[in-house]
Amino acid sequence: MFQASLLACEPVGFDHTFATVTRHHLGAGAWIDDVPGWLSGADEVFAQLVDRAPWRAHERIMWDRRVDEPRLSTRGWVDPPDPLPAMATALGAHYGLDLSAVSANLYRDGADSVAWHGDVAGRYRATTVVAIVSLGAPRRFLVRPTGGGPSMRFTPAHGDLLVMGGTCQHTFEHAVPKSASAGPRIALMFRESGVF
């Protein structure tokens, strides 16, 4: 699919201490943890996933018609490869939750995007945690109050971690807008087991 070049032979690992974390309190019980450089060896993980993940194009209903989602995704991933289960375990241990529900989105270029939304988890639970590891080219990740308002901007780099928690999935929305030029990016997501 893509030629993924390994720029470094850094071993795959992650920061169990969360030493670089900054927590942003958004209000209404919502928060985001920004953890730069959480994953080391991100080149190897990106190369493995871009070539081997079960990527598929999906459709969704929008304004009474079926449209293509402008990205590829794995949806629920029953048996993700190493080191994803270990990453889920480390994230779950830090947040005190079972974050073993793994999925991923592939943004092939700047034309791929995701519109403003809150994850399905927010419809069923008052509070939840969604952890996103960014792999590949940086893209804007925007967060705003549900229904509109000023947005907060993050630009996670290769190997960075963003974690949306508390009431974030129903009091705030997030989006990855189109970009004039961007390379491929994978958003690797870890959610609470049983909520997708």
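This section describes the nonpolar cores, a four-stranded sheet and the surroundings of one buried glutamine in a predicted model.

The largest nonpolar core comprises 34 residues, of which Trp38, Leu135, Leu188 and Phe190 touch the most other members. At least two residues of this core come from each of strand E3 (30-35), helix H1 (42-52), helix H2 (84-95), strand E7 (101-107), strand E9 (130-136), strand E12 (161-166) and strand E14 (185-191). The highest contribution is that of H2, with six residues. For phenylalanine 190, with neighbours within four places in sequence set aside, the contacts are Leu84, Met87, Ala88, Leu91, Leu99, Ala101, Val102, Val129, Val130, Ala131 and Val133. A second core, separate from this one, holds 17 residues, among them Val143, Leu162, Val176 and Met189.

An open sheet is built from four strands in the order E8-E13-E10-E11, with antiparallel pairing. Strand E8 (114-117) and strand E11 (152-154) lie at the edges, each pairing on one side only. On average, and with direction ignored, neighbouring strands of the sheet are turned by 15° against each other.

The pairings within the sheet can be taken in turn. E8 is joined to strand E13 (residues 172-176) by two bridges, and histidine 117 is placed opposite histidine 174 of E13. Between E10 and E13, which run antiparallel, there are four bridges; here proline 145 faces phenylalanine 172 of E13. E10 and E11 are likewise antiparallel and are connected by three bridges, with valine 143 opposite methionine 152 of E11. These two strands form a hairpin with six intervening residues, and glycine 147 in the turn has a positive phi of about 95°. Strand E10 (residues 141-145) is largely enclosed by the rest of the structure, because four of its five residues are buried. Valine 143 of E10 is also one of the members of the second core.

Glutamine 169 is located in helix H4 (residues 168-171). Its relative accessibility is 5%, so glutamine 169 counts as buried, the cut-off being under 20%. A polar atom of the glutamine 169 side chain lies 2.7 Å from the backbone nitrogen of aspartate 119. Beyond the neighbours within four places in sequence, glutamine 169 is in contact with Gly118, Asp119, Gly122, Thr128, Val130, Met164 and His174. Two of these residues recur elsewhere in the description: His174 stands opposite histidine 117 in the E8 and E13 pairing, and Val130 is also in contact with phenylalanine 190.

Technical notes:
Residues are numbered from 1 along each chain as its sequence is written. This is a predicted model: local features need pLDDT of at least 70, side-chain atom pairs count only at pLDDT 80 or more; totals for chains, interfaces and linings use all residues. Side-chain values use heavy atoms; hydrogens and water are left out. A nonpolar core is a set of buried Ala, Val, Leu, Ile, Met, Phe, Trp, Tyr and Cys residues joined through side-chain atoms within 4.5 Å. Buried means under 20% relative accessible area, exposed over 50%, partly exposed in between (1.4 Å probe, protein chains only). Contact means heavy atoms within 4.5 Å. Two strands pair if DSSP finds at least two bridges between them. Axes are lines fitted to C-alpha atoms, for helices over the stretch in contact, and angles run from 0 to 180 degrees between N-to-C directions. A polar contact is a pair of N or O atoms within 3.5 Å; within protein, one must be able to donate a hydrogen and the other to accept it, and residues adjacent in sequence count only if both atoms are side-chain atoms.
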